[in-house]
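User: Please take me through this structure in a series of questions and answers.

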Amino acid sequence: MSLYVDIKKKMKNFFLDVKFEAGNEVFAVLGRSGCGKSMTLKCIAGIETPDSGKIILDGRTLFDSEKKINLIPQKRKVGFLFQNYALFPNMTVEENIAASLKKGHDKRIVMDKIKAFYLEGLEKKYPCQLSGGQQQRVALARILVSNPDIILLDEPFSALDSFLKWQMEQEIIETIESFGKTVLFVSHDRDEVYHICNKIGVIENGRMEDIRDKKSLFSDPKTLSAALLTGCKNISKVKRINENTIEASDWNISFHLSRKIPDNIQYAGIRANDIEVIPDDEADLKSNDSGIIIKYNVIRMIESPFSNIFVLDTGIGDSEKLRVEVKKKGSENLVNKRFLKVRMKEEDLLLLA
Amino acid sequence: MDTAPLIISLKTAIVSTFLTFFLGIYAAKFVVNLRRGKGLLDAIFTLPMVLPPTVTGFFLLLVFGNNSFIGKFLNLIDRPVVFSWEGTVVASTVVAFPLMYRTARGAFDQIDHNIIYAARTLGLKEHHIFYKIILPNCWPGIIAGTILSFARALGEFGATIMIAGNIPNKTQTISIAVYTAVQAGDYELAYRWVLVIVIISFVSIAAMNMWNTKQSNVISNKGGI
């Protein structure tokens, strides 16, 4: 069970050029809205046609521009969960779930799914009478009844509030586990992606940049867009001085690193919660094994439910500010401080191409 | 009062609404799925709505007249359209067609494309998608189009008089009867026919509004709150 995709398509604002392979797993495509991720799914489902390339699912060629193969969506056996679920408004829950079945089908197939998705009692209701969560369950049940070889999830949680989102995530994870074939999950939300899958491809401007295991991607993003999409709040342009030294111009500091710095590094990043606030009595501006220590003025403090975010003035223009996130518990003494002394550790510094 | 014009009008309107219903829906389906030439075809299909009815009638005379290929063929099988009851049907159908076509097309255009895509990925055949999903979700628009077409067909005058003429008991519809009565100075008769046509038109439009309110309730919230 595997999916191979290598497609090119000219779009209005960018050129879609995506190449990846996914096995019997949940593969996430992480990208900003409008970067081409939904288009990729639509090409796989046959709703849109790429200009050139190949799409192969479990050895079946769905699309091949050279061999002039372009299966119609009906023949692809691709389950597509749309953002708005796309239930048929004129059909009841039961009829929606049974939509893909032939006349005279075994009623038990539908009954089983209604049970499995906790839809008992709703069989005769119409989609507009259901809550968002129930609609999603009907859509998933409808897809599973059609017995697809792959499931594509297109931003399935973006329309849900955070409580419902958590619940639906759990249900989707359950569905995916019992499905046991390739699942492609498209999202712009790093938390969703991290919860649901193991392998992540980052897509930016129509290009698949970085395909990796989620742990390695989050701990060591290689590109600017990967760093931003995985939630890195602090980014600085860098000048590479030599193979161990870079100057982070937006933060007004130089770093001497023990690791070698590749030639193509253009940005450095550090996560807001990786920056450590240290007591005032430690020495200033000292670079040692434990990283660089520097004092910044506090511009403002933003309170989150469980942490405080300090916006620090780096002294360079007003474009790039440094953000430091500190857990509220145990850091009450930091509130109302005019300046903060922070430590940035070498191992937390992300070098980005 | 001779009831012939009423019977002729109703018969004509019903038959031409029936024809327009199918022609309009299939024309709309065809144009919506078209990749090229959409604008041109749309303009041609809408033309009878904006042309003066007499001009439409003139074109119909060209197509169905004794000198045309179709006219000769119709004469051969002894079913001429010109100056016959069939002529009133042809005129009403052509003039009412754009109303049906445009409302159906508007309804098709408004349908959520994801619903159609979802149906395709679920393996449903295209004709199944059209009859079981697209059409049922477009009923309000299609019914509205049908009633508008009926009202238009019922009141048709210009194209009818051009192609079917004014033959009492054969092609004289209510609107033509009104014209004839006024020409003859028989205002009393004219008033009566005017009253009849106002009542029928009013009832059709009221029926359409009632149906529309009911249908939009059904689609947006089946069974009420």
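User: How are helix 5 of chain B and helix 7 of chain B oriented to each other?
Analyst: This is a predicted model. In it, helix 5 (residues 85–110) of chain B and helix 7 (residues 126–155) of chain B pack at an angle of about 155°. Angles over 145 degrees count as roughly antiparallel. The relation of helix 5 of chain B to helix 7 of chain B is therefore roughly antiparallel.

User: How far apart are the axes of helix 5 and helix 7 of chain B?
Analyst: Two packed helices are described by the angle between their axes and the distance between the axes. Helix 5 of chain B passes helix 7 of chain B in a right-handed crossing. For this pair of helices in chain B, the distance between the axes is 8 Å.

User: Which class of residue, nonpolar or charged, has 13 members in the contact of helix 5 of chain B with helix 7 of chain B?
Analyst: Helix 5 of chain B contributes residues including B:Leu99, B:Met100 and B:Phe108, while helix 7 of chain B contributes, among them, B:Ile134, B:Leu148 and B:Arg152. Seven residues of this contact are polar and one is charged. The class with 13 members is nonpolar.

User: Which element supplies the largest share of the side of chain A that touches chain B?
Analyst: The contact draws 20 residues from chain A and 19 residues from chain B. Three residues on the side of chain A form the largest share, and they come from strand 7 (residues 78–81) of chain A.

User: How many residues on the side of chain A that touches chain B are nonpolar?
Analyst: This side of chain A has seven polar residues and one charged residue. Its nonpolar residues number 12.

User: Is helix 1 of chain A mostly covered or mostly uncovered, and how many of its residues are buried?
Analyst: Helix 1 spans residues 37–45 of chain A and is mostly covered. Its buried residues include A:Lys37, A:Met39, A:Leu41 and A:Ile44. After the helix comes A:Gly46, which has a positive phi near 90°. The count of buried residues in helix 1 of chain A is nine of nine.

User: Which residue in the turn between strand 4 and strand 5 of chain A has a positive phi?
Analyst: Strand 4 (residues 52–57) and strand 5 (residues 60–64) of chain A pair in the antiparallel sense over four bridges, and A:Ile56 has A:Thr61 as its bridge partner. The two strands form a hairpin with two residues between them. The turn residue with a positive phi, about 50°, is A:Asp58.

User: Which residue of strand 6 of chain A stands opposite A:Phe63?
Analyst: Strand 5 and strand 6 (residues 69–70) of chain A run antiparallel and are joined by two bridges. They form a hairpin with four residues between them, and A:Lys68 in the turn has a positive phi of about 55°. Opposite A:Phe63 in strand 6 of chain A stands A:Asn70.

User: Why is one side of strand 14 and of strand 22 of chain A left without a neighbour in the sheet?
Analyst: Five strands of chain A form an open sheet in the order 14-13-12-15-22, with antiparallel pairing. Neighbouring strands of this sheet are turned by 35° against each other on average, direction ignored. One side of strand 14 (253–256) and of strand 22 (350–352) of chain A has no neighbour in the sheet because each stands at an edge, with a single partner strand.

User: Which residue of strand 22 of chain A stands opposite A:Ala268?
Analyst: Strand 15 (residues 267–270) and strand 22 of chain A pair in the antiparallel sense over three bridges. The residue opposite A:Ala268 is A:Leu351.

Methods
Residues are numbered from 1 along each chain as its sequence is written. Chains are lettered from A and ligands numbered from 1 in the order in which they are written. This is a predicted model: local features need pLDDT of at least 70, side-chain atom pairs count only at pLDDT 80 or more; totals for chains, interfaces and linings use all residues. A residue is buried if 20 or more other C-beta atoms lie within 10 Å of its own, exposed if 12 or fewer, and partly exposed in between; C-beta atoms are placed from the backbone. Two strands pair if DSSP finds at least two bridges between them. Two residues are in contact if their C-beta atoms, placed from the backbone, lie within 7 Å. Ala, Val, Leu, Ile, Met, Phe, Trp, Tyr, Cys and Pro count as nonpolar, Asp, Glu, Lys and Arg as charged, and the others, Gly among them, as polar. Axes are lines fitted to C-alpha atoms, for helices over the stretch in contact, and angles run from 0 to 180 degrees between N-to-C directions. Angles under 35 degrees count as roughly parallel, over 145 as roughly antiparallel, 65 to 115 as roughly perpendicular and the rest as oblique. A crossing is left-handed if the near helix is turned anticlockwise from the far one by less than a right angle, and right-handed if clockwise.
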